[in-house]
Amino acid sequence: MALFSIDRVKICGFSACVPFRVVENLESSLFSSEQELKKYISTTGVERRHVAEPDICSSDLCYKAAEKLIEELGWDKSEIECLIFVSQTTDYIYPATSCILQDRLNLSTECICFDLSLSCPGWVYGLSAISSIVSAGRIKKALLLVGETVSKTRSPFDRVNLISGDAGTATALEYAENVHPLHFDLHTDGSGYKSVMIPDGGFRNPVTGESLKYEVGDDGIERNRLQTHMDGATIFSFAISKAPKSIKNLFEHFELDQQSIDYFVLHQANWMINERIIRKLGLDVLKCPNNMRDFGNTSSTAIPLTIVCQLGHRVQNKKIIATGFGGGLSWGSVYFELGRVVCPELLFL
């Protein structure tokens with residue numbers, strides 16, 4: 001069981017950027033009637049999404065979020081010695097997008113940079129990786145950039161597209177003595193990797209002419225092999241089972257008082273899933289900020305995006321549990337305590 005703590009790491013701030021373009025789900029033509037469409041919107045909790053234009057990538061959104069956060073913190077860029085970029089919608093197959101961002105942000109060539117390819121639990125996993133590096137004490141300041149343009153991966157005929165939004169985020173961390181440790185609970189079950197995947201485009205299944213051919217799948221949805229295939233029923237069962245257990249693991253292993261937690265920031269999957277998790281744990285819904293109505297499911301960016309949009313400056317001096325779950329299959333939770341943090345208003349690109 002991957003339960004562990006990381007000491008001497010302070011979270012200094014959060015920022016987020018979304019595309020200007022807004023798509024209203026009520027305008028969708030994927031349903032046979034307006035009544036059916038309204039029921040879908042009510043069930044998922046997603047009314048609209050911010051969708052990137054073709055020339056905007058995840059890195060562009062993260063770049064703008066990072067520049068603003070660095071400015072607000074008053075950091076000297078030469079002191080930032082680690083940058084981790086978490087995304088499944090990178091600029092290229094290679095090189096790593098983190099290297100490109102290091103140059104765009106004009107960071108020192110002494111800065112460690114690497115990418116992590118994870119979907120919905122990506123921010124939690126990325127936080128564990130970057131915190132482990134900072135905790136050693138040699139690196140004083142670091143940036144965790146998490147971005148996704150998942151709308152580019154969906155079939156236009158797939159109703160799941162109606163809950164998929166785009167965003168880029170930045171989280172700043174620094175080495176600090178005498179701060180409360182971060183507590184993690186992380187898990188992986190690769191046997192379920194086919195539950196959410198893009199079949200072609202990697203080196204297992206390279207792109208061919210057949211990759212572009214649209215076919216109707218067993219679920220009745222028309223898509224090609226370069227677009228996301230998802231087993232919705234499997235993901236639903238997985239999420240409502242694993243996420244509550246992960247949070248309970250933190251309570252039990254680290255002897256946390258559930259009532260003392262100020263906010264539970266759940267991955268913004270859809271309202272059906274999150275409502276079930278909240279009910280299973282007996283959480284106060286007012287402690288569970290909901291960002292889905294206006295942004296949808298933004299994959300790995302959902303947790304920091306929700307913190308920026310729904311909590312903002314109210315996040316100061318708070319105790320938080322954040323939980324992510326999704327493709328891989330992978331899932332995990334983190335408990336952290338914040339002091340004074342910088343949290344600028346949402347940016348647009």
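These questions and answers go through a predicted model and ask what stands behind a few labels.

Me: How do you know that Cys 12 is in no disulfide?
Reply: A disulfide needs two cysteine sulfur atoms within 2.5 Å. The nearest cysteine sulfur to that of Cys 12 belongs to Cys 343 and is 13 Å away, so the pair fails the rule.

Me: What about Cys 120, and how many disulfides are there?
Reply: For Cys 120 the nearest cysteine sulfur, that of Cys 62, is 15 Å away, so Cys 120 is in no disulfide either. The count for the model is 0 disulfides.

Me: Why is Cys 12 called buried?
Reply: Its relative accessible area is 4%, and buried means under 20%. Cys 120, at 15%, counts as buried too.

Me: What makes Arg 104 and Asp 60 a salt bridge?
Reply: Their closest N and O atoms are 2.8 Å apart, and the cut-off is 4 Å, so the pair qualifies. Arg 104 lies in helix H3 and Asp 60 in helix H2, 44 residues apart.

Me: Is Asp 60 buried or exposed?
Reply: Asp 60 has 18% relative accessibility, so it counts as buried. Arg 104, with 34%, is partly exposed, because that value falls between 20% and 50%.

Me: Why is Glu 34 called exposed, and what is its partner Lys 38 called?
Reply: Glu 34 has a relative accessible area of 53%, and exposed means over 50%. Lys 38, at 44%, counts as partly exposed. The two form a salt bridge with N and O atoms 3.0 Å apart, and they sit 4 residues apart in helix H1, about one helical turn.

Conventions: Residues numbered from 1 in each chain as written. Predicted model: local features only at pLDDT ≥ 70, side-chain atom pairs only at ≥ 80, totals over all residues. Heavy atoms only, no water. Buried < 20%, exposed > 50% of the residue type's maximum accessible area, 1.4 Å probe, protein only. Salt bridge = Lys/Arg side-chain N within 4 Å of Asp/Glu carboxyl O. Helix = DSSP H or I, 4+ residues; strand = E, 2+ residues; numbered from the N terminus.
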